[in-house]
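Me: Could you take a close look at one part of this for me, the loop and the packing around it? I'd like it in one connected run, with the numbers kept in.

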Amino acid sequence: MKKWLLIVGALVLTACSSGSDTKSYYQLPMGAQTGGQSSASQGHRLLWVEQVTIPDSLAGNGVVYQTSDVQYVIANNNLWASPLDQQLRNTLVANLSSQLPGWVVASQPLGSDQDTLNVNVTGFHGRYDGKVVISGEWLLNHQGQLIKRPFHLELKQQEDGYDAMVKALAQGWAQESASIAQEISRLP
């Protein structure tokens, strides 16, 4: 009888734990396009988003979550659908394209008369206090002039969970994209 109870108990535990191995995959939303140009002939300024770099801690598949002021965990079951640096670069190109009328923004070189943007993201994670952190710096080469700006955003998640965390991260990245676009639009 005891053996039978042990077997049933093991089966129940196995059934309960198998649900926790479900993997979820996340992709940053591209955001709404607001009438950016669709071809090089419509733009007179060129911007190449050369690269968006991230540290090794963010470069894996797992979404990163800060559990204390000094500890971070990388999720095993909540994963990025594609490499995070690619997602950040693609959404940055899309956001800048829609926010910079008269500019052609691309993720490949556009010619000798282009500005070049590089972004180094040092923080892109959720945090134990219900906020997300987006931080780093960007460097723009505008006609041989270098413009470098740090950024640090903290946004409150609207709900608990990874879905809300990814949405808040995307919102923060869109805000930083808008800030970069605003700076670029002031250039002579």
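Reply: Gln143 counts as exposed in this predicted model, because its relative accessibility is 59%, past the 50% cut-off. Gln143 sits in the loop between E7 and E8, and its phi is near 50°, a positive value in a residue that isn't glycine. For background, most residues other than glycine have a negative phi.

Now for the strands on either side of that loop. E7 (131-142) and E8 (145-156) each give two or more residues to the largest nonpolar core. That core has 40 residues, and Leu96, Leu117 and Phe124 are the ones touching the most other members. Other elements giving it two or more residues include E2, strand E3 (62-66), helix H3 (84-99), strand E5 (103-106), strand E6 (114-127) and helix H4 (162-185). H4 makes the largest share, with nine residues. As a general point, nonpolar side chains tend to be buried together in soluble globular proteins.

Take Leu117 from that trio. Setting aside residues up to four places away in sequence, Leu117 is in contact with a run from Leu47 through Trp48, Val49 and Glu50 to Gln51, then with Leu92 and Leu96, then with Trp138, Leu139 and Leu140, and also with Ile180.

Glu50 is on that list, and it's worth a stop. Glu50 is in strand E2 (residues 45-53) and is partly exposed, because its 31% relative accessible area falls between the 20% and 50% cut-offs. Beyond its sequence neighbours, Glu50 is in contact with Arg89, Thr116, Leu117 and Asn118. With Asn118 there's a side-chain to side-chain polar contact of 2.9 Å. Glu50 and Ser107 are 57 residues apart in sequence, yet their C-alpha atoms are 6.2 Å apart in space.

Back to the trio, this time with Phe124. Phe124 counts as buried because its relative accessibility is 1%. There are four aromatic pairs in the model, one of them between Trp80 and Phe124, with centres 6.3 Å apart and 45° between the planes, so it's classed as tilted. This pair links distant parts of the chain: Trp80 is in strand E4 (residues 72-80), Phe124 is in strand E6, and 44 residues separate them. Trp80 counts as buried too, because its relative accessibility is 5%. Trp80 and Phe124 join Phe151 and Trp173 in one aromatic cluster.

What else touches Phe124? Leu58 does, and its contacts beyond four places in sequence also take in Val64, Leu84, Thr122 and Gly123. Leu58 is in helix H2 (residues 56-59) and is buried, because its relative accessible area is 4%. Gly123 is 65 residues away from Leu58 in sequence, but the two are 8.0 Å apart in space, C-alpha to C-alpha.

One last spot is Ser97, in helix H3. Ser97 counts as buried, because 14% relative accessibility is under the 20% cut-off. Its side chain reaches the backbone oxygen of Val93 at 2.8 Å. To put the two ends of this tour together, Gln143 is exposed at 59%, whereas Phe124 is buried at 1%.

Technical notes. Residues are numbered from 1 along each chain as its sequence is written. This is a predicted model: local features need pLDDT of at least 70, side-chain atom pairs count only at pLDDT 80 or more; totals for chains, interfaces and linings use all residues. Side-chain values use heavy atoms; hydrogens and water are left out. Helices (H or I, at least four residues) and strands (E, at least two) are DSSP runs, numbered from the N terminus. Buried means under 20% relative accessible area, exposed over 50%, partly exposed in between (1.4 Å probe, protein chains only). Contact means heavy atoms within 4.5 Å. A polar contact is a pair of N or O atoms within 3.5 Å; within protein, one must be able to donate a hydrogen and the other to accept it, and residues adjacent in sequence count only if both atoms are side-chain atoms. A nonpolar core is a set of buried Ala, Val, Leu, Ile, Met, Phe, Trp, Tyr and Cys residues joined through side-chain atoms within 4.5 Å. Rings of Phe, Tyr and Trp (its six-membered ring) pair if their centres lie within 6.5 Å; planes under 30 degrees apart count as stacked, over 60 as edge-to-face and the rest as tilted.
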